[in-house]
Amino acid sequence: MRPDEGHEDRRRGRWSQRGAGFGIWYLRTVTFINLLSAVWVSFADDIRRHNIEEYFTPYLLTAGFASGAFSLFLSVTLRRRKRAAWILNLVLSGLLSLLFAFALAAAPEFRGHPQNWVSLLLTLLFTTALVVGRREFYAKGDRSNPKLAALTAVVGLLVTSLLAALLVTVTNTAQDASSTFVTRWRYGLMRLVSLAPDDRHFPGITTPGWVDVAINVLSALLLVAVLWAAFRSVRSTEAITEDDEERLRALLARHGARDSLGYFALRRDKSVLFSPSAKAAVTYRVVGGVSLASGDPLGDPEAWPGAIERWLAEAREHGWAPAVMGASEEGGTIYARHGLDALELGDEAIVETAEFTLGGRAMRTVRQAYNRIERAGYTVRIRRHEDIPAEEMDRLLRLADDWRDGETERGFSMALGRLGDPGDGRCVMLECWDGRAGEGAGELRALLSFVPWGEKGLSLDLMRRDRDSENGLMEFMVLELIQRAKEVEITQLSLNFAMFRSVFERGSRLGAGPVLRLWRSLLSFFSRWWQIESLYRANAKYRPIWEPRYMLFEKSTDLLRIGIAAGRAEGFLEAPGLPKWLNRKHLENVR
């Protein structure tokens with residue numbers, strides 16, 4: 001390649017980005033004007049006069065909620081680099097440019113209005129910007145989108161137009177109410193398209209202003225549904241296969257000690273992309289148009305960039321927002337080198353079993369609680385899953401399901417999502433029995449399950465207990481495991497993740513600033529439902545090592561979208577925007 005070729009490519013790239021940016025901001029501006037004119041009557045009247053007779057307005061500029069929703073949706077899909085949105089805008093604006101040019105050339109009365117020349121110029125600029133920025137629009141959609149969009153449009157238009165006609169019939173106050181139902185249906189159909197049709201074609205119809213607005217809002221909702229169906233992203237990818245799982249287990253065998261969350265990459269609702277050398281992998285799940293990875297990449301850190309690049313390339317190809325939940329500082333640094341920004345989510349509690357002690361004044365409260373449960377006769381049995389007979393494991397599974405708080409199985413980034421699978425034989429199960437008849441013969445009251453963290457560690461996966469059992473059983477079981485760590489040959493434990501731990505810790509110190517205190521107060525308020533603060537304090541009693549965990553994202557404008565996707569993946573949201581905090585679920589079931 002000649003030296004000047006690289007310069008030319010960069011220059012074309014800059015012009016391509018500028019063209020794409022102009023197209024997106026044009027649609028945003030049109031959206032603002034359309035929505036403003038829908039609520040500002042005099043402004044809407046001006047646009048109405050400019051859409052009739054000898055006047056015309058630039059591409060997509062027409063008063064109404066429906067037109068505003070249409071331009072807004074197109075601006076969003078263009079920003080997400082959707083190829084289908086680029087094609088649609090190019091075809092519509094190109095045809096409109098030709099129509100304007102023909103009208104100005106063929107009809108002298110049109111040439112006398114400067115606004116028409118401005119409209120032609122803006123429409124041509126938008127079309128040209130799309131052509132110049134064509135390389136920026138590469139994201140693919142789902143192949144079923146056209147059929148779904150067509151079905152949504154046909155059925156939705158029929159239903160909404162009939163509803164509009166019925167509403168017009170009921171509210172028509174014209175003195176000469178001689179209009180037919182077909183005429184009223186046509187009027188409702190026009191109002192679905194815009195708030196500013198020419199009323200002279202409907203002399204027998206007079207409706208209150210709120211009726212026109214209601215019909216237009218109805219059409220906006222229909223339009224959003226059609227556009228969502230037309231431009232939705234590919235909703236999923238191929239889940240992990242048996243061969244993929246074998247390869248991931250091989251990477252864990254060699255490098256599993258690097259990340260306490262590594263074993264959770266084996267969730268079977270995830271997909272995986274390997275580096276070109278197959279020495280590293282990124283596992284992820286697509287939720288609501290977000291490609292959501294969790295933890296660090298698996299495998300050799302030197303091969304992580306190859307896996308990350310493939311994951312990012314796939315996300316951009318389909319228009320997904322890439323995001324990572326729970327990356328360590330090492331993993332977050334590598335992700336950041338590939339253009340992602342980092343936001344600290346909280347800290348993971350890690351206990352070194354050899355250094356832990358119940359002695360000392362600082363552990364007095366914990367020691368007293370432990371002794372209270374022990375005096376009550378509770379005992380703990382610790383076994384690898386592979387050492388539990390099948391009949392016993394079946395019983396444990398039934399109890400775990402019965403004790404689950406709610407129907408939803410929670411967890412994604414720090415939960416395996418299954419229990420008792422034959423492939424997870426190295427996982428560790430703790431069973432807590434009451435003291436009525438001795439270990440193994442009394443009543444089972446609680447369960448803990450840990451997944452392997454390399455050869456010498458365990459990471460907490462699942463916590464379940466009988467709701468009628470005594471408080472403190474979980475802490476008692478964790479302390480038993482720490483003190484009997486040699487039985488399962490481990491030296492470190494990864495416990496619960498404490499979200500925003502540093503805020504609670506620094507916000508309670510003398511001299512904390514007003515912003516930090518306000519942030520801590522807000523988190524304390526939301527802890528009434530999500531138990532953020534109580535989870536931090538439950539972890540802090542073990543005096544752990546705190547390891548920060550990060551969320552990685554590409555664009556700050558995607559944070560809300562990523563938060564909703566993460567909430568759905570973790571089981572806290574049933575659907576976008578539908579929180580489950582009203583049910584007051586407990587975070588002790590997350591992991």
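A cavity here is a set of points, on a 1 Å grid over the protein atoms alone, where a 1.4 Å probe fits but cannot get out. Its volume is the space filled by probe spheres set on the points, with grid points joined across faces, edges and corners.

Before we look around, some ground rules: this is a predicted model, where local features need pLDDT of at least 70, side-chain atom pairs count only at pLDDT 80 or more, and totals for chains, interfaces and linings use all residues. Residues are numbered from 1 along each chain as its sequence is written, and side-chain values use heavy atoms, leaving out hydrogens and water.

**Empty space inside**

The structure has 3 cavities of 30 Å³ or more, and the largest cavity holds about 80 Å³ of space. Its lining (residues with an atom within 4 Å of a point) is made up of 15 residues, with Ala265, Thr283, Ser294, Gly295 and Asp296 lying nearest the centre. Strand 2 (residues 280–287) gives the largest share of that lining, 3 residues. Strands are DSSP runs of E, at least two residues, and helices are runs of H or I, at least four, numbered from the N terminus. Sorted by class, the lining has 8 nonpolar, 4 polar and 3 charged residues. Nonpolar covers Ala, Val, Leu, Ile, Met, Phe, Trp, Tyr, Cys and Pro, charged covers Asp, Glu, Lys and Arg, and the others, Gly among them, are polar.

**Salt bridges**

Now for the charged side chains. A salt bridge is a side-chain nitrogen of Lys or Arg within 4 Å of a carboxyl oxygen of Asp or Glu, and the count comes to 24. Here are some of them:

| Pair | Closest N to O |
|---|---|
| Arg249 and Glu245 | 3.0 Å |
| Glu245 and Arg268 | 3.1 Å |
| Glu392 and Arg383 | 2.9 Å |

Take the last pair to begin with. Arg383 is buried at 14% relative accessible area (buried is under 20%, exposed over 50%, partly exposed in between, with a 1.4 Å probe and protein chains only). Glu392 is partly exposed at 32%.

Elsewhere, Glu245, Arg249, Arg268, Arg418, Asp421 and Asp424 are joined into one network by salt bridges that share partners. Arg249 and Glu245 both sit in helix 10 (residues 242–255), 4 residues apart, about one turn of the helix. Arg249 is partly exposed at 24%, while Glu245 is buried at 10%. Glu245 lies in helix 10 and Arg268 in the loop between helix 10 and strand 1 (271–274), so this pair ties together parts that are 23 residues apart in sequence. Arg268 is partly exposed, at 36%.

Definitions and conventions:
On a 1 Å grid over the protein atoms alone, a cavity is a set of points where a 1.4 Å probe fits but cannot get out, and a pocket is an open set with protein on both sides within 12 Å along at least five of seven lines; lining residues have an atom within 4 Å of a point.
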